[in-house]
Amino acid sequence: KFMKKSVILGILLLSFGSAMVASADHSWGPYHWARTSNPFQLKLGDNVSGAWDAVLNTASNDWSLSTVLDTSVVPGLSNPKNCKPVAGRIEICNSRYGNNGWLGIAQIWITGGEHITQGVTKVNDTYFNTSKYNTLAWKNLVMCQEVGHNFGLDHQDETFNNPNLDTCMDYTNNPETNQHPNTHDYAQLEEIYTH
């Protein structure tokens, strides 16, 4: 019998400073979804408001370009405010989660120390309702990054002022070129999901 535990994987913080440097290997430890084939199918539960629907669809389409996974947006099964997980899928939610310093957060539940069984992504409208963050570029960056964390990806770079790496898995002060995954993200997913 495996113990199920929750892991908070990714938090896209507001740009207050710098953290770590770029990483060529950006998986989040051993975490991955159990599956029987590649590409495997993964449902993204739509618990977001109309202002986020196109952004969620963009993230789903972007990540489905991977050779190892295919996502589909389906009706959500959670309340956006508490965004509870549902086994076998990722619930995606938006709400005013408060002035807590994060734009988005991803959380997974695992069994056996490595198999992801469910996940949630939350995007924080407390900040996205402000003129600074209420842009398509910021929304695409945050949604793409948090959903990427739910697959087991880490950031490629956590220094806000470095040149952009043209990936949503990169911290930045200017999201214009960091709205979608890049080839390194897809290669990392292939590495994570080859065994």
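Among contacts in the protein between residues at least 6 apart in sequence, what percentage join residues at least 24 apart? The figure is 73%. Colleagues, I shall keep that value in view while I describe this structure, which is a predicted model.

Let me begin with the overall layout. The protein has 195 residues, and 54% of them are buried. It contains 4 helices and 7 strands. Read from the N terminus, the order of elements is β-β-β-α-β-β-β-β-α-α-α.

I turn now to strand S5, which covers residues 89–95. Is this strand mostly covered or mostly open? It is mostly covered, with 7 of its 7 residues buried. In a regular strand, side chains alternate between the two faces of the sheet. We may therefore consider each side of S5 separately, and both faces prove to be covered. On one side are Arg-89, Glu-91, Cys-93 and Ser-95, and on the other are Ile-90, Ile-92 and Asn-94; every one of these residues is buried.

Which strands pair with S5? One of them is S3, residues 40–47, which pairs with S5 in the parallel sense over 5 bridges. Within that part of the model, Lys-43 has Arg-89 of S5 as its bridge partner. Another is S7, residues 115–124, and here too the pairing with S5 is parallel, over 6 bridges. There, Ser-95 has Asn-124 of S7 as its bridge partner.

Strand S7 also holds Thr-121. This residue counts as buried because its relative accessibility is 0%. What does Thr-121 touch, once its neighbours within four places in sequence are set aside? Its contacts include Ile-90, Glu-91, Ile-92 and Cys-93, and these four residues belong to the covered strand S5 that I have just described. Thr-121 is also in contact with Cys-83, Ile-105 and Ala-106, and with Met-143, Glu-146, Val-147 and Asn-150.

Two of those residues, Met-143 and Val-147, bring us to the helices, for they also take part in the contact between H1 and H3. Helix H1 spans residues 50–63 and helix H3 spans residues 136–150; their axes come within 9 Å and cross at roughly 50°. At that angle, H1 is oblique to H3. The crossing of the two helices is right-handed. From H1, the contact draws on Ala-51, Trp-52, Val-55, Leu-56, Thr-58, Ala-59 and Trp-63. From H3, it draws on Leu-136, Lys-139, Asn-140, Met-143, Cys-144, Val-147 and Gly-148. Sorted by class, this contact of H1 with H3 comprises 10 nonpolar, 3 polar and 1 charged residues.

I close with two individual residues. Gln-145 is located in helix H3. Is Gln-145 buried or exposed? With a relative accessibility of 0%, Gln-145 counts as buried. Its C-alpha atom is separated by 8.1 Å from that of Asp-170, which is 25 residues away along the chain.

Leu-65, by contrast, sits in the loop between H1 and strand S4. Its relative accessible area is 62%, and Leu-65 is therefore exposed. How many residues along the chain lie between the positions of Leu-65 and Tyr-186, whose C-alpha atoms are separated by 8.0 Å? The two are 121 residues apart along the chain.

That returns us to the opening figure: of the contacts between residues at least 6 apart in sequence, 73% join residues at least 24 apart.

Terms used: Residues numbered from 1 in each chain as written. Predicted model: local features only at pLDDT ≥ 70, side-chain atom pairs only at ≥ 80, totals over all residues. Heavy atoms only, no water. Axes fitted to C-alpha atoms, helices over the stretch in contact; angles between N-to-C directions. Parallel < 35°, antiparallel > 145°, perpendicular 65-115°, else oblique. Left-handed = near helix turned anticlockwise from the far one by under 90°. Contact = heavy atoms within 4.5 Å. Nonpolar A, V, L, I, M, F, W, Y, C, P; charged D, E, K, R; others polar. Buried < 20%, exposed > 50% of the residue type's maximum accessible area, 1.4 Å probe, protein only. Pairing = 2+ DSSP bridges.
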